[in-house]
Amino acid sequence: MGHRETSPKLTWENFEARLLQRYKVTAFNSFPSSSSSVRTGKRTSLKLFFLALLTITGGSALQAQTLPTLTSAAQIRQLNAQQANLGYPIHLYAVVTYFEPFSPNFFIQDWSGGIWVNWNSTLPKPAVGDLIEMRGRTVQTDFAPDVAQPVWTVVGHARMPWPKRVTFAQMASTTEDSRWVEVEGVIRREEYTDQVRKDKILSLSLAMPDGKLEIQLPWSSELPSELLDKPVRVRGVCGAGFSTRDQLVGVTVYVPSIREITVRQNPSLVPADAPPILIQNVQRFGFQMSAGLRAKIAGSVTMVANDRGLFLADQTGSIYVDTRDAVTVKPGDRVEALGYPGLFDTHVRLEDATVRRIAPGPFASPVPIGIKQALAGGNDSTLVSMVGRVVSHSSLPNEDTLVLEQDHRVFSVISKSRLGDIVLDGSTVRVAGIFVESLDPLQRVSGFRLLLRSPNDLHILEQPSWWSLSRALLLGGVFVVGTALALAWVAVLRRRVGEKTEALRATLESTEEGILVVDASGNIITCNQKFKDIWRLPDSVLKSGRDQDALERVLDQVTDPRAFLDKVEYLYQNSDLETDDIVDLKDGRTLERHSEPQKLQGRNAGRVWSFRDITARRQAEEDLRAAKKAADVASQSKSEFLANMSHEIRTPMNGILGMTELALQTDLTREQHEYLLLVKSSANSLLNVINDILDFSKIEAGKLSICPAETELRPALESLVKAVAVGAHQKGLELLCEIDAAVPRRVVIDMDRVCQVLLNFLSNALKFTERGEVVLAATCVPRAESEVDVTFSVRDTGIGIAKDKQASIFEAFVQADGSSSRRFGGTGLGLAISSRLVELMNGRVSVESSDGEGSRFSFTLTCPVVPDAAPSRSPQRPPASSYPRILVADDNELNCRILQGMMANWGWHADTAPTGASALDAISAAA
């Protein structure tokens, strides 16, 4: 069984050293160690070498023995179910990313990916962040390969892996299963998973732009209401919800601690006193609500559907509201509902809503409608009343259903209360209820039903008549007369039926699809000529009327007869199913098959099959995919070529600059000196353009890496300001550097890339600012015990950026103003490169600006804090009274504040004077 032991802290570098020692690898000793980028390349090369070594040794082992040892999570996940159940031995070094013993769920991740470990109560409990050496066997009992019979040793403690930013579609594809990921969305609902484990697992519903998923984390206190309706960034393990048939049914992110959930910003929520919007606006085409915004509506309750659902109506329409809490209002109450618009089964509704009762009110009056109005549409979710004759009724444990007929059209009425003892078949009734319509693929009303609020919504207008002797005799006479009329009428009907049959036949023959109609017993009723042509069936086969004869001829033409026959038998056994699928034929054709049941008064009357030849369309789709793949390959090749050619392109330019500089140091005429200065200036400009293009190409090709290292922030930022100080002085601009005292002295960060981004921001600020000031600022917010969120920003008083241009300035080769490239110069790549670099560091660039009022570019990075060494004993600070009195005089308020803060850090107290006159007055007063 697994056990914990005390060991020295194992980092990825120590782990690599062990691998080098184990496999006797010395080829990497030639790499220099002075460059962080080279060290990262070494680590990447080591991982690639290790993968190759595993492949080579694994291939040899397969020849030497049946089951080789698997040494990475990726190798385990590549096994199919049959291979995994052979019980391959495993040996991994990985980090524990999630553990809770109630489900149980135990996830680990190494450099290649994540895997689930089969834990039981006889094993010790691992801790999140443990770096462990794991041994065990592979197994697959459900959705994916797992680690069984685990035995592990704790060899150290490590930070969590860098999370992979993923979308809902990526997680739903199962490619990110068991991996440490990062997602963003809005918390829509929070609740405990069940009452039995109420103090164990908290479940959160997260709405993402392309789907909804569940978040689970261990929790033992009250619900954290501060997360509700907030846009958050979540880090956790991507998991899958699957059915008893091992099919994916949902996505779950397992979060080890609430510290991994960060509120990104204050959402744009609807204020409590904001006016409600009309229901028709929620349902109208073009009304858009993002996953992070809610809608507020008001109206009268027309029906309480269940414990967490009700129908609301205002003067413009009706809507179903799905509530967060149990419904406490009654029909007629005036309420306000605040929730998220969504779609369910083609119906617009309000989801995860909170409902507030405003005032009581009278019951709403139903709108009387007829069958034509019902089928015309526009009544969905509305309280209506209709009259009809009861055709039949049925009962289920939780509801009763009546089938009513009006003008030879039938519809159903559903009630949660018993109705069988109230109404008899044949009765004429008036019912009032919520109208729920069904739409066909062309969005036309194909059917509807009424939901009764209570038995009081049903009123019997006429009871069915009872038979009597006089009526029987009368009907007997009528029957005799009617028989004679019927004989004449039969002839008329026969002629009309013939006309209708011909019309139906003409309709069937005019369609592009092959149609086959069979009855409930499988006998062929009719088919069109297109069906015969598609399947190449002779008339003799169809004349028998038995589908078995036609099926035998069809099975000889399909590529997979067994699957085709199984599908037909399955649909005959499940008469209510409607399906669409693809059928491939041996002659290369592809057919699109559709099958749906025929219902007559609620009973199965047979099935309709339709077949369409889509061979040409499928070939066109394949050609389009091939063309797109070729274009992607060409684009990638271009980016990789430019990235690989960076040295060859820069070297000649550096030669030009170097030779020009040497030429300038020789004896030249004034005219020659001016020409060479122009050459040097042009070469520098061209080199900047080349650097931008090559950096952008490296990012596009995925060859630009981030190398965090321990860095002192304040000296690095001050050096950056000094580098651009000359340009600011030449333009007569104030250049200021404001670093918050709370910013840690040393953090782990890729300062080279941070300075590249900030230098770009400063250069743009100096370029587009004619007068005023440019300020570089750094602030921080503590995030965890050993991490801070550091915000870097550059603010200027320049020309600013219009609101409608702010979203596009981060695109490649784009500037806010088309004339800027001529007036100010530049490639339009700087901000695009900066944005991509910040995203590689798990941040995001934001801009605040107004046209003509300056700009502020900023980004926030999460940085581990490097603790300072124990300070040495310093001499006792003299009393404050011994310090000189300081007066700071500057007409720039920000300069005064910065200088005053610096002196406060030294223990000095300083007074400020905004003008020369006030400074002289302060000196005179102190004299």
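Q: Which strands close into a barrel here, and in what order?
A: In this predicted model, five strands close into a barrel, and their order is 13-14-15-17-16, with mixed pairing. Neighbouring strands of this sheet are turned against each other by 55 degrees on average, with direction ignored.

Q: And how do strand 13 and strand 16 pair?
A: Strand 13, which covers residues 295–306, pairs with strand 16, residues 334–344, in the antiparallel sense, and six bridges connect them. Within that pairing, glycine 299 of the protein stands opposite valine 335 in strand 16.

Q: Ok, zooming out, how many helices and strands does the protein have?
A: The secondary structure comes to 21 helices and 38 strands. The protein has 927 residues, of which 41% are buried.

Q: What share of the contacts with a separation of 6 or more is between residues 24 or more positions apart?
A: Of the contacts in the protein with a separation of 6 or more, 60% are between residues that lie 24 or more positions apart.

Q: Got a residue pair that is far apart in sequence, and what is the C-alpha to C-alpha distance for isoleucine 515 and phenylalanine 611?
A: Isoleucine 515 and phenylalanine 611 are separated by 96 residues in sequence, while their C-alpha atoms are 6.7 Å apart in space. Isoleucine 515 itself belongs to strand 25, which spans residues 514–518.

Q: Is isoleucine 515 buried or exposed?
A: Isoleucine 515 counts as buried, because its relative accessibility of 11% is under the 20% cut-off.

Q: What is isoleucine 515 in contact with, leaving aside neighbours within four places in sequence?
A: With those neighbours left aside, isoleucine 515 is in contact with Leu508, Thr526, Cys527, Asn528, Phe531, Val608, Trp609 and Ser610.

Q: Switching to helices, at what angle do helix 11 and helix 12 pack?
A: Helix 11 (residues 547–555) and helix 12 (residues 561–573) pack at an angle of about 150 degrees, and their axes are 10 Å apart. Since angles over 145 degrees count as roughly antiparallel, the two helices are therefore roughly antiparallel to each other.

Q: Is that crossing of helix 11 and helix 12 left-handed or right-handed?
A: The crossing of helix 11 and helix 12 is right-handed.

Q: Which residues meet there, between helix 11 and helix 12?
A: From helix 11, Asp547, Leu551, Val554 and Leu555 meet Pro561, Phe564, Leu565 and Tyr572 of helix 12. By class, the residues of this contact divide into seven nonpolar, one charged and no polar.

Q: Now backbone oddities: where is there a cis peptide bond?
A: Serine 103 and proline 104 are joined by a cis peptide bond, for which omega is about -10 degrees. Proline 104 has its place in the loop between strand 1 (89–100) and strand 2 (105–110).

Q: What about phi, say at serine 381?
A: Serine 381 has a positive phi of about 70 degrees, although it is not a glycine, and serine 381 lies in the loop between helix 7 (371–376) and strand 19 (383–395).

Q: And arginine 536, what is its phi?
A: Arginine 536 also is not a glycine, yet its phi is positive, at about 55 degrees. The loop in which arginine 536 lies is between helix 9 (529–535) and helix 10 (539–543).

Q: For serine 381 and arginine 536, which is buried and which is exposed?
A: Serine 381 counts as buried, with a relative accessibility of 6%, whereas arginine 536 is exposed, with a relative accessible area of 52%.

Terms used: Residues numbered from 1 in each chain as written. Predicted model: local features only at pLDDT ≥ 70, side-chain atom pairs only at ≥ 80, totals over all residues. Heavy atoms only, no water. Pairing = 2+ DSSP bridges. Helix = DSSP H or I, 4+ residues; strand = E, 2+ residues; numbered from the N terminus. Axes fitted to C-alpha atoms, helices over the stretch in contact; angles between N-to-C directions. Parallel < 35°, antiparallel > 145°, perpendicular 65-115°, else oblique. Left-handed = near helix turned anticlockwise from the far one by under 90°. Contact = heavy atoms within 4.5 Å. Nonpolar A, V, L, I, M, F, W, Y, C, P; charged D, E, K, R; others polar. Buried < 20%, exposed > 50% of the residue type's maximum accessible area, 1.4 Å probe, protein only.
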